[in-house]
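Here's a quick walk through a model, going from one helix up to the contact between chains. Have the viewer open while you read.

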Amino acid sequence: MSAPIIEVRIPTILRPYTNSEKVVSAEATNLAELISSLDSKFTGLGERLLENGELRRFINIYINDEDVRFMGSLAATLKAGDSVTILPAVAGGC
Amino acid sequence: MTRYESLEASLGHTPLIGLPKLSPKTQPGKPLVRLWAKLEDRNPTGSIKDRTAMAMIDDAEKTGRLKPGATILEPTSGNTGISLAMVAKVRGYKLICVMPENTSIERTQILEMWGAKIIYSPAAGGSNEAVRVAKELAAENPDWVFLYQYGNPANSLAHYTTTGPEIFEDLPTVTHFVAGLGTTGTLMGAGKYLREKNPNISIIAAEPRYGEVVYGLRNLDAGFVPELYDASIITRRFSVGAEDSVRRVKELLEVEGIFAGISTGAILHAALGVAKESVDAGVGADIAFIVCDAGWKYLSTGIYGKDGDSEVLDSQLWA
């Protein structure tokens with residue numbers, strides 16, 4: 001069985017890597033595979049997301065709106081229908 | 001005792017309110033899953049930030065950083081500034097707030113009412129820009145007292161010594177604590193206290209997901225993680241958009257009669273999510289969440305009206 005196709009939302013700051021596409025997709029069963037699959041389609045994107053094999057400090061990635069750092073980080077599993085959102089870390093109020 | 005010597009003295013001890021109608025129904029014979037709202041709008045200036053502001057000022061006075069007549073500088077999206085403005089007014093300090101230009105008009109009006117001076121930071125980049133501008137101003141004006149809520153341990157300590165103990169005293173059976181993630185002070189402080197009391201508690205963070213303009217950083221290195229943030233205190237973290245937040249704020253108003261600010265909608269959305277998981281798993285839960293402020297400051301957005309739409313929040317810093 002092939003890996004599910006996952007939809008990924010790309011923030012403005014990373015769209016130069018995706019030919020300005022807001023939403024892209026890639027096949028993967030976990031986050032590490034997803035990033036590697038995205039990087040093979042959009043050269044250089046992987047390096048913007050990872051540093052020394054870990055998520056960059058100012059990058060947040062969410063699977064169905066939940067932060068992957070609390071779901072196993074790069075080992076977080078993906079299934080058909082999951083939606084992934086990448087966002088830069090910003091300050092908030094409350 | 002509900003008599004206090006001054007407005008400041010009435011800080012905290014806010015009510016924890018049950019939500020009998022909004023709490024999910026459980027199957028017969030299964031334990032209850034209950035939601036509890038801590039009404040932080042009942043603080044002196046109407047938000048949870050009164051705890052942060054007063055603790056930071058008390059600490060700066062105690063350590064001698066803050067002397068009579070001094071000028072305080074703070075980056076704020078609104079509530080912390082409002083709290084500081086009241087305390088500064090009463091205690092005789094001047095206050096300069098750095099606030100993103102894309103915040104609701106009421107915040108400016110209230111800050112000016114208490115005599116604060118506002119320096120606006122650009123909309124793009126949201127609070128990151130307010131923090132950057134404030135840090136620059138602090139370096140250029142060493143005589144100003146930079147309290148800096150994002151990195152001031154007095155912020156999280158205020159919640160460790162007040163918010164956390166209040167919740168545990170009112171609800172010793174608490175299984176989940178849900179709060180907003182901004183400076184991270186509430187979650188770090190109250191979360192740490194509650195975990196010490198109950199190692200199995202789930203500490204849930206709800207962070208607002210803004211429109212694209214707020215994430216419009218110049219580069220990734222302009223990202224920001226508050227110095228107070230310690231991920232080990234948190235169990236799970238959810239990102240909640242304006243649409244879900246507005247829907248939940250209206251639900252809270254319609255079903256339970258509670259008129260809350262927009263960021264509370266994001267927190268309630270996460271709280272209802274974990275409530276549903278508890279129901280599905282057939283386990284009981286007592287879920288306490290924070291109502292950060294009431295809705296008054298956001299009326300100008302029009303979101304509370306029948307046709308109020310979350311789209312108006314796209315370019316705003318609504319939490």
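Let's start in chain B of this predicted model. The buried residues of helix 3 of chain B pack against three neighbours: helix 2 (79-91), strand 4 (94-100) and strand 5 (117-121) of chain B. Which residues of helix 3 (residues 105-113) of chain B are buried? They are B:Arg107, B:Ile110 and B:Leu111. Look down the axis of helix 3 of chain B and these buried residues fall within an arc of 100°, so they line one face of the helix. Swing round to the other side of helix 3 of chain B and you find B:Ile105, B:Gln109, B:Glu112 and B:Met113, which are exposed. After helix 3 of chain B comes B:Gly115, with a positive phi near 90°.

Zooming out, the domain assignment of chain B gives domain 1 (8-42 + 164-309) and domain 2 (49-146). Taken over C-alpha atoms, the centres of domain 1 of chain B and domain 2 of chain B are 25 Å apart. Their contact takes 17 residues from domain 1 of chain B and 19 residues from domain 2 of chain B.

Next up is a helix pair in chain B. Two packed helices are described by the angle between their axes and the distance between the axes. For helix 7 (residues 242-256) of chain B and helix 8 (residues 262-281) of chain B, the angle is about 95° and the axes are 7 Å apart. That angle makes helix 7 of chain B roughly perpendicular to helix 8 of chain B, because 65 to 115 degrees counts as roughly perpendicular. Helix 7 of chain B brings B:Asp244, B:Ser245, B:Val246, B:Arg248, B:Val249 and B:Leu252 to the contact, while helix 8 of chain B brings B:Ile262, B:Thr264, B:Gly265, B:Ala266, B:Leu268 and B:His269.

Finally, the two chains. How many residues of chain A are in contact with chain B? There are 21 residues of chain A, and they meet 37 residues of chain B. Strand 6 (66-67) and strand 7 (83-88) of chain A each supply at least two residues of the side of chain A that touches chain B.

Here is how the residues of these contacts divide by type:

| Residue set | Nonpolar | Polar | Charged |
|---|---|---|---|
| Side of chain A that touches chain B | eleven residues | three residues | seven residues |
| Side of domain 1 of chain B that touches domain 2 of chain B | nine residues | five residues | three residues |
| Contact of helix 7 of chain B with helix 8 of chain B | six residues | four residues | two residues |

Methods:
Residues are numbered from 1 along each chain as its sequence is written. Chains are lettered from A and ligands numbered from 1 in the order in which they are written. This is a predicted model: local features need pLDDT of at least 70, side-chain atom pairs count only at pLDDT 80 or more; totals for chains, interfaces and linings use all residues. Two residues are in contact if their C-beta atoms, placed from the backbone, lie within 7 Å. Helices (H or I, at least four residues) and strands (E, at least two) are DSSP runs, numbered from the N terminus. Ala, Val, Leu, Ile, Met, Phe, Trp, Tyr, Cys and Pro count as nonpolar, Asp, Glu, Lys and Arg as charged, and the others, Gly among them, as polar. Axes are lines fitted to C-alpha atoms, for helices over the stretch in contact, and angles run from 0 to 180 degrees between N-to-C directions. Angles under 35 degrees count as roughly parallel, over 145 as roughly antiparallel, 65 to 115 as roughly perpendicular and the rest as oblique. Domain bounds come from an automatic or database domain assignment. A residue is buried if 20 or more other C-beta atoms lie within 10 Å of its own, exposed if 12 or fewer, and partly exposed in between; C-beta atoms are placed from the backbone. The arc is that of the directions from the helix axis to the C-beta atoms.
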